[in-house]
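Good morning, colleagues. I would like to take you through one structure, and I ask that you keep the display in view as I speak.

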Amino acid sequence: MNKQEMLRNTFGTEKPIIALLHIDPLPGDPLYDYDRSVDQIVETVRTDAANLIAGGVDAILFSNEFSMPYQNAVSHAVTSSMAYIIGQVRNEITVPFGVHVISDGAATIELAAATGASFVRGIFTGAYVGECGIKETDIAAALRRKKELRLDHLRMFYMVNAEADAYLNDRPLSTIVNSLIFKCKPDGIALSGLHAGEEADDRMLDDLSAAAGGVAVFANTGCTKDNVAEKLQHCDGAFVGTGFKVDGKFENHTDPERIRAFMDIVKAARR
(Lines give C-alpha, C1' and ligand atoms only; values in the text may rest on other atoms or scores of the structure.)
Protein backbone atom coordinates (compact mmCIF):
# COMPACT_ATOMS: atom_id res chain seq x y z
CA MET A 1 0.00 0.00 0.00
CA ASN A 2 1.45 3.39 -0.97
CA LYS A 3 1.29 6.38 1.34
CA GLN A 4 -1.65 8.00 -0.47
CA GLU A 5 -3.72 4.84 -0.01
CA MET A 6 -2.63 4.57 3.62
CA LEU A 7 -3.67 8.16 4.31
CA ARG A 8 -7.02 7.76 2.58
CA ASN A 9 -7.73 4.46 4.33
CA THR A 10 -6.76 5.83 7.76
CA PHE A 11 -8.05 9.40 7.59
CA GLY A 12 -10.40 9.51 4.61
CA THR A 13 -8.28 12.04 2.73
CA GLU A 14 -4.83 12.92 1.55
CA LYS A 15 -3.05 15.78 3.35
CA PRO A 16 -4.97 15.08 6.60
CA ILE A 17 -5.11 17.46 9.53
CA ILE A 18 -4.89 15.56 12.80
CA ALA A 19 -6.07 17.66 15.72
CA LEU A 20 -4.33 17.26 19.06
CA LEU A 21 -6.77 17.07 21.94
CA HIS A 22 -4.69 17.99 24.98
CA ILE A 23 -6.14 16.36 28.08
CA ASP A 24 -5.89 18.41 31.28
CA PRO A 25 -3.51 17.34 34.09
CA LEU A 26 -4.37 13.92 35.45
CA PRO A 27 -4.27 12.35 38.95
CA GLY A 28 -0.65 12.09 40.04
CA ASP A 29 0.53 14.87 37.71
CA PRO A 30 2.19 17.85 39.42
CA LEU A 31 -0.35 20.24 37.85
CA TYR A 32 -3.44 18.20 38.71
CA ASP A 33 -6.14 20.12 40.58
CA TYR A 34 -7.52 17.84 43.30
CA ASP A 35 -10.57 20.08 43.62
CA ARG A 36 -11.49 18.96 40.11
CA SER A 37 -12.74 15.44 39.37
CA VAL A 38 -11.77 13.27 36.44
CA ASP A 39 -15.40 13.47 35.31
CA GLN A 40 -15.00 17.25 35.00
CA ILE A 41 -11.99 16.62 32.78
CA VAL A 42 -14.22 14.33 30.70
CA GLU A 43 -16.61 17.24 30.08
CA THR A 44 -13.76 19.48 28.93
CA VAL A 45 -12.55 16.75 26.58
CA ARG A 46 -16.10 16.28 25.31
CA THR A 47 -16.36 19.99 24.49
CA ASP A 48 -12.97 20.10 22.78
CA ALA A 49 -13.77 17.00 20.73
CA ALA A 50 -17.13 18.41 19.64
CA ASN A 51 -15.48 21.69 18.60
CA LEU A 52 -12.81 19.89 16.58
CA ILE A 53 -15.28 17.60 14.81
CA ALA A 54 -17.70 20.46 14.03
CA GLY A 55 -14.76 22.47 12.68
CA GLY A 56 -13.97 19.77 10.14
CA VAL A 57 -10.70 18.17 11.29
CA ASP A 58 -9.85 14.80 9.74
CA ALA A 59 -8.83 13.00 12.94
CA ILE A 60 -8.19 13.53 16.65
CA LEU A 61 -5.15 12.51 18.68
CA PHE A 62 -5.73 12.31 22.45
CA SER A 63 -2.57 13.19 24.39
CA ASN A 64 -1.61 13.93 28.00
CA GLU A 65 0.05 17.18 26.99
CA PHE A 66 -0.36 18.74 30.44
CA SER A 67 1.31 15.88 32.35
CA MET A 68 4.45 17.99 32.65
CA PRO A 69 7.22 17.24 33.37
CA TYR A 70 6.88 14.09 31.28
CA GLN A 71 7.82 10.66 32.63
CA ASN A 72 9.77 8.09 30.65
CA ALA A 73 7.51 5.45 32.21
CA VAL A 74 4.17 6.95 33.17
CA SER A 75 2.20 5.96 36.25
CA HIS A 76 -0.78 3.63 35.96
CA ALA A 77 -2.94 6.53 37.16
CA VAL A 78 -2.16 8.44 33.94
CA THR A 79 -2.90 5.65 31.47
CA SER A 80 -5.94 4.49 33.47
CA SER A 81 -7.33 8.02 33.56
CA MET A 82 -6.73 8.49 29.84
CA ALA A 83 -8.48 5.19 29.06
CA TYR A 84 -11.44 6.16 31.24
CA ILE A 85 -11.73 9.63 29.70
CA ILE A 86 -11.48 8.40 26.12
CA GLY A 87 -13.96 5.62 26.89
CA GLN A 88 -16.50 8.17 28.13
CA VAL A 89 -16.44 10.15 24.85
CA ARG A 90 -15.47 7.45 22.36
CA ASN A 91 -18.98 6.92 20.97
CA GLU A 92 -19.22 10.63 20.19
CA ILE A 93 -16.04 10.66 18.08
CA THR A 94 -17.12 10.50 14.44
CA VAL A 95 -13.63 10.86 12.95
CA PRO A 96 -10.65 8.47 13.29
CA PHE A 97 -8.85 8.86 16.60
CA GLY A 98 -5.42 8.03 17.97
CA VAL A 99 -3.58 8.20 21.28
CA HIS A 100 -0.22 9.44 22.53
CA VAL A 101 1.11 8.90 26.04
CA ILE A 102 3.94 11.40 25.94
CA SER A 103 7.46 9.97 26.33
CA ASP A 104 6.20 6.42 26.92
CA GLY A 105 5.96 4.36 23.75
CA ALA A 106 4.97 1.16 25.54
CA ALA A 107 2.08 2.87 27.36
CA THR A 108 0.96 4.40 24.06
CA ILE A 109 0.66 0.95 22.49
CA GLU A 110 -1.20 -0.41 25.53
CA LEU A 111 -3.61 2.53 25.53
CA ALA A 112 -4.30 2.05 21.82
CA ALA A 113 -5.27 -1.56 22.51
CA ALA A 114 -7.57 -0.54 25.37
CA THR A 115 -9.38 2.24 23.51
CA GLY A 116 -9.56 0.90 19.96
CA ALA A 117 -7.44 3.72 18.53
CA SER A 118 -6.58 3.46 14.85
CA PHE A 119 -3.22 5.27 15.07
CA VAL A 120 -0.56 6.43 17.50
CA ARG A 121 2.11 9.11 17.54
CA GLY A 122 5.17 9.19 19.75
CA ILE A 123 8.92 9.19 20.23
CA PHE A 124 9.48 5.51 19.60
CA THR A 125 13.16 5.59 18.58
CA GLY A 126 16.41 7.24 19.61
CA ALA A 127 17.85 8.68 22.82
CA TYR A 128 17.52 12.27 23.99
CA VAL A 129 18.75 14.60 26.71
CA GLY A 130 16.95 17.60 28.19
CA GLU A 131 15.65 19.15 31.40
CA CYS A 132 14.23 15.81 32.57
CA GLY A 133 17.51 13.95 32.03
CA ILE A 134 18.29 11.25 29.50
CA LYS A 135 15.45 9.48 27.71
CA GLU A 136 15.97 6.11 26.04
CA THR A 137 13.37 4.40 23.89
CA ASP A 138 12.81 0.72 23.15
CA ILE A 139 11.26 0.35 19.71
CA ALA A 140 12.00 -3.38 19.68
CA ALA A 141 9.82 -3.92 22.76
CA ALA A 142 7.09 -1.57 21.50
CA LEU A 143 6.76 -3.34 18.14
CA ARG A 144 6.79 -6.76 19.77
CA ARG A 145 4.04 -5.66 22.15
CA LYS A 146 2.04 -4.32 19.20
CA LYS A 147 2.36 -7.75 17.57
CA GLU A 148 1.40 -9.59 20.77
CA LEU A 149 -1.74 -7.46 21.06
CA ARG A 150 -2.62 -8.18 17.41
CA LEU A 151 -2.67 -4.50 16.52
CA ASP A 152 -1.72 -5.06 12.89
CA HIS A 153 -4.19 -2.36 11.87
CA LEU A 154 -2.58 0.27 14.14
CA ARG A 155 -0.79 3.01 12.19
CA MET A 156 2.34 4.35 13.85
CA PHE A 157 3.69 7.87 13.35
CA TYR A 158 7.21 8.35 14.68
CA MET A 159 8.38 11.72 15.96
CA VAL A 160 11.98 12.04 14.78
CA ASN A 161 12.92 14.91 17.07
CA ALA A 162 11.79 15.63 20.61
CA GLU A 163 11.04 19.33 20.34
CA ALA A 164 13.17 20.94 23.09
CA ASP A 165 15.34 17.87 23.83
CA ALA A 166 18.58 17.13 21.98
CA TYR A 167 18.99 13.91 20.02
CA LEU A 168 22.06 11.97 21.22
CA ASN A 169 23.15 11.17 17.69
CA ASP A 170 25.41 13.22 15.43
CA ARG A 171 24.15 11.80 12.12
CA PRO A 172 22.06 14.08 9.88
CA LEU A 173 18.34 13.73 10.56
CA SER A 174 17.72 12.57 6.99
CA THR A 175 20.20 9.70 7.51
CA ILE A 176 18.49 8.78 10.77
CA VAL A 177 15.11 8.72 9.01
CA ASN A 178 16.45 6.49 6.25
CA SER A 179 17.80 4.03 8.83
CA LEU A 180 14.65 4.23 10.96
CA ILE A 181 12.45 3.35 7.98
CA PHE A 182 14.63 0.38 7.05
CA LYS A 183 14.67 -1.07 10.58
CA CYS A 184 11.39 0.00 12.17
CA LYS A 185 8.82 0.32 9.36
CA PRO A 186 6.87 3.43 10.45
CA ASP A 187 3.68 4.46 8.69
CA GLY A 188 4.69 8.10 8.97
CA ILE A 189 7.37 10.49 10.18
CA ALA A 190 6.59 13.63 12.19
CA LEU A 191 8.98 16.60 12.30
CA SER A 192 8.66 19.14 15.15
CA GLY A 193 9.85 22.67 15.69
CA LEU A 194 11.84 23.62 18.76
CA HIS A 195 8.78 23.43 21.04
CA ALA A 196 5.00 23.19 20.93
CA GLY A 197 3.70 25.92 18.63
CA GLU A 198 7.05 26.38 16.83
CA GLU A 199 6.70 25.47 13.15
CA ALA A 200 8.63 22.68 11.47
CA ASP A 201 11.21 23.95 8.97
CA ASP A 202 10.09 23.72 5.31
CA ARG A 203 13.54 22.81 4.02
CA MET A 204 13.87 20.03 6.58
CA LEU A 205 10.41 18.73 5.64
CA ASP A 206 11.60 18.57 2.02
CA ASP A 207 14.82 16.80 3.04
CA LEU A 208 12.96 14.25 5.14
CA SER A 209 10.40 13.65 2.40
CA ALA A 210 13.25 12.86 0.01
CA ALA A 211 14.88 10.54 2.56
CA ALA A 212 11.58 8.88 3.48
CA GLY A 213 10.74 7.84 -0.06
CA GLY A 214 7.23 6.38 0.06
CA VAL A 215 6.67 7.01 3.79
CA ALA A 216 4.42 9.93 4.77
CA VAL A 217 6.02 12.98 6.40
CA PHE A 218 4.00 15.23 8.73
CA ALA A 219 4.56 18.69 10.15
CA ASN A 220 4.25 18.02 13.86
CA THR A 221 4.09 21.52 15.37
CA GLY A 222 3.49 25.16 14.50
CA CYS A 223 0.86 25.01 11.75
CA THR A 224 -1.48 28.01 11.73
CA LYS A 225 -4.09 29.30 9.32
CA ASP A 226 -1.46 31.70 8.03
CA ASN A 227 1.09 29.04 7.06
CA VAL A 228 -0.80 25.76 6.63
CA ALA A 229 -1.46 26.08 2.88
CA GLU A 230 2.25 26.57 2.24
CA LYS A 231 3.24 23.93 4.80
CA LEU A 232 1.15 21.28 3.06
CA GLN A 233 3.20 21.83 -0.10
CA HIS A 234 6.19 20.41 1.78
CA CYS A 235 4.60 17.46 3.61
CA ASP A 236 1.79 14.92 3.60
CA GLY A 237 -0.25 16.28 6.49
CA ALA A 238 -0.04 17.97 9.86
CA PHE A 239 -0.64 17.47 13.56
CA VAL A 240 -2.20 20.66 14.93
CA GLY A 241 -2.76 21.60 18.56
CA THR A 242 -1.91 25.15 19.62
CA GLY A 243 -3.21 26.61 16.35
CA PHE A 244 -6.74 25.47 17.26
CA LYS A 245 -6.75 27.04 20.73
CA VAL A 246 -8.15 30.30 22.08
CA ASP A 247 -5.70 33.10 21.20
CA GLY A 248 -3.35 30.47 19.76
CA LYS A 249 -1.96 29.79 23.24
CA PHE A 250 -0.79 26.34 24.36
CA GLU A 251 -2.41 26.54 27.81
CA ASN A 252 -5.91 27.27 26.44
CA HIS A 253 -8.63 25.03 25.04
CA THR A 254 -10.21 24.91 21.58
CA ASP A 255 -11.65 27.89 19.74
CA PRO A 256 -14.44 26.88 17.29
CA GLU A 257 -13.88 29.90 15.05
CA ARG A 258 -10.13 29.31 14.76
CA ILE A 259 -10.75 25.66 13.87
CA ARG A 260 -13.27 26.49 11.15
CA ALA A 261 -11.09 29.22 9.66
CA PHE A 262 -8.08 26.91 9.62
CA MET A 263 -9.93 24.02 8.02
CA ASP A 264 -11.53 26.27 5.39
CA ILE A 265 -8.03 27.16 4.23
CA VAL A 266 -6.97 23.50 4.26
CA LYS A 267 -9.98 22.42 2.20
CA ALA A 268 -9.27 25.13 -0.36
CA ALA A 269 -5.63 24.06 -0.55
CA ARG A 270 -6.59 20.42 -1.13
CA ARG A 271 -8.80 21.14 -4.13
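Let us start at helix α6, whose buried residues pack against α5 (139–148), β7 (155–159), β8, β9 (188–191) and α7 (202–212). Please bear in mind that this is a predicted model.

Which residues of α6 are buried? They are Leu173, Ile176, Val177, Ser179, Leu180, Ile181 and Cys184. As background, an α-helix has 3.6 residues a turn, so residues three or four places apart point the same way. The helix covers residues 173–184, and its 12 residues should span 16 Å at 1.5 Å a residue; the end C-alpha atoms lie 15 Å apart, which agrees. Just after α6 comes Lys185, with a positive phi of about 55°.

I turn now to the strands that α6 meets. Two of these, β7 and β9, pair in the parallel sense through three bridges, and Tyr158 has Ile189 in β9 as its bridge partner. Helix α7 packs on the sheet and touches β9 and β10 (216–219), its direction making about 160° with that of β10.

How do the eight strands of the barrel follow one another? Their order is β1-β2-β3-β4-β7-β9-β10-β11, with parallel pairing. From one strand to the next, the twist averages 25°.

Strand β8 belongs to an open sheet of three strands, ordered β6-β5-β8 and paired antiparallel. Here β6 (133–136) and β8 (166–167) are the edges; each has a single partner strand, so one side of each lacks a neighbour in the sheet. Two bridges link β5 (residues 127–130) to β8, and Val129 is partnered with Ala166 of β8.

Terms used
Residues are numbered from 1 along each chain as its sequence is written. This is a predicted model: local features need pLDDT of at least 70, side-chain atom pairs count only at pLDDT 80 or more; totals for chains, interfaces and linings use all residues. Side-chain values use heavy atoms; hydrogens and water are left out. Two strands pair if DSSP finds at least two bridges between them. Helices (H or I, at least four residues) and strands (E, at least two) are DSSP runs, numbered from the N terminus. The expected span of a helix is 1.5 Å times one less than its number of residues. Buried means under 20% relative accessible area, exposed over 50%, partly exposed in between (1.4 Å probe, protein chains only). Contact means heavy atoms within 4.5 Å. Axes are lines fitted to C-alpha atoms, for helices over the stretch in contact, and angles run from 0 to 180 degrees between N-to-C directions.
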